[in-house]
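I set out to record what can be looked up in this structure, entry by entry. The sequence and coordinates come before the notes.

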Amino acid sequence: DALNSSINGLNKKVDFANKIGQGELNHDFDLLSEEDVLGKSLLDMRSSLVKAEEEEEKRKVEEEKRRWTNEGLAQFGDILRQNNDNLENLATEIIMSLVGYLKANQGGLFILNDDDKEDIHFNLLSAFAYDRRKYMQKQIKIGEGLIGTCALEKKTIFMIDVPQDYMDITSGLGGANPSSLLIVPLKLEDNVLGVLEIASFNKFENHEIEFVEKLAESIGSTLSSVRINIQTNELL
């Protein structure tokens, strides 16, 4: 009986080892007893393989996120270089491309208007929603609403609990209420030159938020250069 039991247990171990070798890491296996050293070793081996597989999957995901970010930065680098003589065209290209790249639904780019020092505000330079450009006028003062708050605090605002009818009342973009909202300041050094607002029916992931923040630095620098070029041309 002991010999038959030992042979039966050994056959189960062989079958378990074969299943593991075939990649079936969820295959069940029960120890014969607490002294089943070989069985414990096989279970430890399975645990190590499962952990290695999970780490490899995480590595692939992180690599894909890095590739996505780098490709996006390169793509927008071309956009910023090709549209550096017209603010409205630049804003439109940025918003259309960003909404598409993030698979978002709506977006707007607000730019600082400080021509009148007594009335400093942000103008909605370009808006894009549901695969079409939107034409509208919107002015927001510093500190007013989420856009103005973002400009005042110079920090990213990310919301997943967006108030009902926010898009119609506060945002200026209009349309259905999104599931998540991302508002990022466009800074050059410590000065806010504009604000990006992106709304989506999907929740933005951390790497997407970090991507927009990196992109915002380049947009802020380009906006500054374009404004200087326009002012210089007007003076000339």
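The entries below go from the overall layout to single residues.

**Entry 1. Confidence.** I began by noting that the model is predicted. For the chain I found a mean pLDDT of 81, with 83% of the residues at 70 or more. I then compared the elements: strand β5 (residues 157–159) has the highest mean pLDDT, 93, and strand β3 (residues 132–134) the lowest, 49. Over residues 130–135 the pLDDT is below 50, although this stretch has 15 contacts in the model beyond near neighbours in sequence. I keep in mind that predicted coordinates should not be read in detail where pLDDT is low.

**Entry 2. Layout.** I counted six helices and seven strands in the chain. Read from the N terminus, their order is α-α-α-β-β-β-β-α-β-α-β-β-α. Of the 236 residues, 40% are buried. Turning to contacts with a separation of 6 or more, I found that 55% join residues 24 or more positions apart.

**Entry 3. Strand β2 and its partners.** Which strands pair with β2? Strand β1 (residues 106–113) pairs with β2 in the antiparallel sense, over eight bridges. Within this pairing I located L109 opposite S126 of β2. Strand β4 (residues 139–141) also runs antiparallel to β2, joined to it by three bridges. Here N123 stands opposite Q139 of β4. I next looked up burial: eight of the nine residues of β2 (residues 121–129) are buried, so the strand is largely enclosed by the rest of the structure.

**Entry 4. Aromatic pairs.** I found six aromatic pairs in the structure. I examined F76 and Y101, whose ring centres are 6.2 Å apart; their planes stand at 85°, over the 60 degrees required, so the pair is edge-to-face. The two residues come from distant parts of the chain, 25 residues apart, with F76 in helix α2 (residues 37–82) and Y101 in helix α3 (residues 87–101). Are these residues buried or exposed? F76 has a relative accessibility of 1% and counts as buried. Y101, at 16%, also counts as buried, because the cut-off is under 20%. I noted further that F76 and Y101 belong to one aromatic cluster with W68 and F211.

**Entry 5. Helices α3 and α6.** I described this packing by axis angle and axis distance, as is done for two packed helices. The axes of α3 and α6 (residues 206–235) come within 11 Å and cross at roughly 170°. The angle is over 145 degrees, so α3 is roughly antiparallel to α6. On the α3 side, I listed L87, L90, I94, L98 and Y101 as making the contact. On the α6 side, the contacting residues include F211, L215, I219, L223, V226 and I230.

**Entry 6. H207.** I placed H207 in helix α6. Its relative accessibility is 15%, so H207 counts as buried. Leaving out residues up to four places away in sequence, I found that H207 touches K65, W68 and T69. W68 is also a member of the aromatic cluster noted above.

**Entry 7. F201.** Where is F201 found? I located F201 in the loop between β7 (191–200) and α6. At 36% relative accessibility, F201 counts as partly exposed. The C-alpha atoms of F201 and N105 are separated by 6.9 Å, while the two residues are 96 residues apart along the chain.

Definitions and conventions
Residues are numbered from 1 along each chain as its sequence is written. This is a predicted model: local features need pLDDT of at least 70, side-chain atom pairs count only at pLDDT 80 or more; totals for chains, interfaces and linings use all residues. Side-chain values use heavy atoms; hydrogens and water are left out. pLDDT is the predictor's confidence in each residue, from 0 to 100. Helices (H or I, at least four residues) and strands (E, at least two) are DSSP runs, numbered from the N terminus. Contact means heavy atoms within 4.5 Å. Buried means under 20% relative accessible area, exposed over 50%, partly exposed in between (1.4 Å probe, protein chains only). Two strands pair if DSSP finds at least two bridges between them. Rings of Phe, Tyr and Trp (its six-membered ring) pair if their centres lie within 6.5 Å; planes under 30 degrees apart count as stacked, over 60 as edge-to-face and the rest as tilted. Axes are lines fitted to C-alpha atoms, for helices over the stretch in contact, and angles run from 0 to 180 degrees between N-to-C directions. Angles under 35 degrees count as roughly parallel, over 145 as roughly antiparallel, 65 to 115 as roughly perpendicular and the rest as oblique.
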